[in-house]
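I opened the model to look up its nonpolar cores, one buried serine-type question and the aromatic pairs. My entries follow the structure.

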Amino acid sequence: MGQADIGAIRAGLGDALTTVTGLRVHTFPVDAITPPAAVVAHPDIEFDSTYQRGIDRVVIPVHVVVGKVSERAANALLDTYISGDGIKAAIEDDQTLGGACGDVRVARCETSVMTIAGQDYLAASFEVVILT
Amino acid sequence: MPGSFSKVSAFSLNGQDLSSYVNNVGISITTAEIDTTPIGVVDKTFISGLNETSLSVSGFYASATIGPEGVFKAAMSLAAPVAFAYRPTGQATGYQGQAIVTSYGVSSQVGDYVAFEGELKVSGPVTIGL
């Protein structure tokens, strides 16, 4: 418990995502990516969930880009990542993200087509909810 | 200047500061009303009776000895009242006294955090120093 250390949370998420075989991990948004890749985006923070700065609530998106929309392999990879034992399981394996938080939960996932550097990619965005 | 955010509130029980787990405390102080209305009058009259004070406390569950689970259960196991302190504005003495724990429970709803809830009944006077 304590105040949100976003840097430590990013690092913890990065460590968790690197356990996914073949996934390139960026703990900050980047200009260009090579799929499959995960990008830890910028958080929303709700301060003061308890008295005396005890717990903050952080919602941090993690975007996972798998490849071109028309690629069969990319679609299959997306199915793997968005299953319950995919990205969600990897992130929640260590409930403290290496001591960066009190608990972590991947609350939801939404698939989409993302345009990066003029190229459309098949992607999934995970909503990661963290209690500090 | 009126108004305070409750982020500065503080609560402790039996010497353990539980503030960082707690997100809601309510204190209720009631006085018994004793009807002194004589026969033959139209308007009722009353005097104050004995005071009774209770507190409800809720927040994030933690199983640690120094967390709500450990502190509330330890207090429940004691015959004698234990000290409590509730400081709504985080300053001065707030409400302090001795109390027994009359209930403690845990709940967990999917999609939300694991929560605890406890009830205290004050034994003896409450010192108020807001």
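These entries cover packing first, then a polar contact, then rings.

I note that this is a predicted model, in which local features need pLDDT of at least 70, side-chain atom pairs count only at pLDDT 80 or more, and totals for chains, interfaces and linings use all residues. Residues are numbered from 1 along each chain as written, chains are lettered from A and ligands numbered from 1 in written order, and side-chain values use heavy atoms without hydrogens and water.

Core. I looked up the largest nonpolar core (buried Ala, Val, Leu, Ile, Met, Phe, Trp, Tyr and Cys residues joined through side-chain atoms within 4.5 Å) and found 29 residues, with A:L13, A:V62 and A:V128 among those touching the most other members. A:L13 is in contact (heavy atoms within 4.5 Å) with A:V40, A:I60, A:V62, A:I91, A:L97 and A:V128, leaving aside neighbours within four places in sequence. Apart from this core I found another, of 23 residues, including B:L18 and B:F84.

Serine. I checked A:S125 and found it buried at 19% relative accessibility (buried is under 20% relative accessible area, exposed over 50%, partly exposed in between; 1.4 Å probe, protein chains only). Its side chain makes a polar contact with that of A:H63 at 2.7 Å (N or O atoms within 3.5 Å, one able to donate a hydrogen and the other to accept it; residues adjacent in sequence count only through side-chain atoms).

Rings. I found 5 aromatic pairs over all chains (Phe, Tyr or six-membered Trp ring centres within 6.5 Å; planes under 30 degrees apart are stacked, over 60 edge-to-face, the rest tilted). B:F60 and B:Y113 are stacked, 3.9 Å centre to centre with 15 degrees between planes. B:F60 is buried at 7%, whereas B:Y113 is partly exposed at 27%.
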